[in-house]
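Have a look at the model below. We'll go through one helix face by face, then stop at a single residue in another helix.

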Amino acid sequence: ANNYDTCDVVAVPGDSVREKLLELGRAPEEVRVVGDLRFDDLPERVRRFDPATFKQSLGITPTDQVVVLVSSDIGPTWTIEKKRHLFQAVHAATRPLAGTRLLIRAHPNESRPLLAHHLQAWGLGDVPVDARYHLHDVLLASSVVVMLYSMTGLEAMLLTRPVVNVTLEGENVEHYLPYVSGGGALGVTTEAELGDALRRLVSD
């Protein structure tokens with residue numbers, strides 16, 4: 001059965017997706033390219049974005065550089081202990097960098113009270129957390145974007161922001177999102193490598 005043959009017309013964001021559906025047997029007239037509203041207004045968003053105002057709204061000094069840590073909800077393989085390790089390692093690597101602040105981007109599925117509880121317990125209670133601004137504004141304000149794995153990495157690359165893929169626990173995330181092997185992100189596997197990467201990227 002074709003999982004993509006359940007409706008009369010399929011709307012897709014671009015030609016590459018359309019070609020895949022045609023390969024799967026959909027008729028050309030049944031697949032319509034409509035674009036992606038998340039990106040259609042991106043040039044205008046970039047033009048009008050004011051990083052100083054954005055940073056001030058989060059209690060960050062306008063001249064500070066921002067390291068964005070992309071959070072995610074816990075699951076079968078992404079345990080709370082792995083999350084704690086990543087968060088504390090990124091915090092420790094950012095803290096010595098003069099004129100640099102860490103900003104955590106909460107995942108839409110995360111419980112905000114639970115995240116705040118964990119951050120307080122892990123010694124990150126003073127780190128600002130964003131969950132209300134448009135993701136592209138957060139990325140535009142960043143100097144570096146750090147994550148385990150997330151589709152947010154693609155959007156950071158689109159906005160020409162350096163992406164650091166951190167796998168401190170030996171996680172194999174390349175089969176999900178091959179950012180490092182594809183040359184789009186810098187991969188680090190130790191806390192020492194993470195510190196070196198952030199120092200280099202923030203100073204560039």
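Turn H6 so that its buried side points away from you, and the face you're looking at carries the exposed residues Pro113, His117, Gln120 and Ala121. Keep in mind that this is a predicted model.

Now flip over to the other side. Within H6, which spans residues 112–121, Leu115, His118 and Leu119 are buried. These three sit on the same side of H6 because they cover an arc of only 100° around the axis. That fits the usual helix geometry: an α-helix has 3.6 residues a turn, so residues three or four places apart point the same way. And what do the buried residues of H6 pack against? Their partners are H5, strand S4 (100–105) and strand S5 (129–130).

The two ends of H6 are worth a glance too. At its start, a side-chain oxygen of serine 111 comes to within 3.2 Å of the backbone nitrogen of leucine 114. Just after H6, glycine 123 adopts a positive phi of about 80°.

Next, head to H5, which runs over residues 80–94 and includes threonine 94. Is threonine 94 buried or exposed? Its relative accessibility is 2%, so threonine 94 counts as buried, the cut-off being under 20%. Its side chain reaches the backbone oxygen of valine 90 at 2.8 Å. Beyond its neighbours within four places in sequence, threonine 94 touches Val67, Thr100, Arg101, Leu102 and Leu198. Valine 66 lies 28 residues away from threonine 94 along the chain, and their C-alpha atoms are 9.4 Å apart.

Key. Residues numbered from 1 in each chain as written. Predicted model: local features only at pLDDT ≥ 70, side-chain atom pairs only at ≥ 80, totals over all residues. Heavy atoms only, no water. Helix = DSSP H or I, 4+ residues; strand = E, 2+ residues; numbered from the N terminus. Buried < 20%, exposed > 50% of the residue type's maximum accessible area, 1.4 Å probe, protein only. Contact = heavy atoms within 4.5 Å. Polar contact = N/O pair within 3.5 Å; in protein donor to acceptor, adjacent residues only side chain to side chain. Arc of directions from axis to C-beta.
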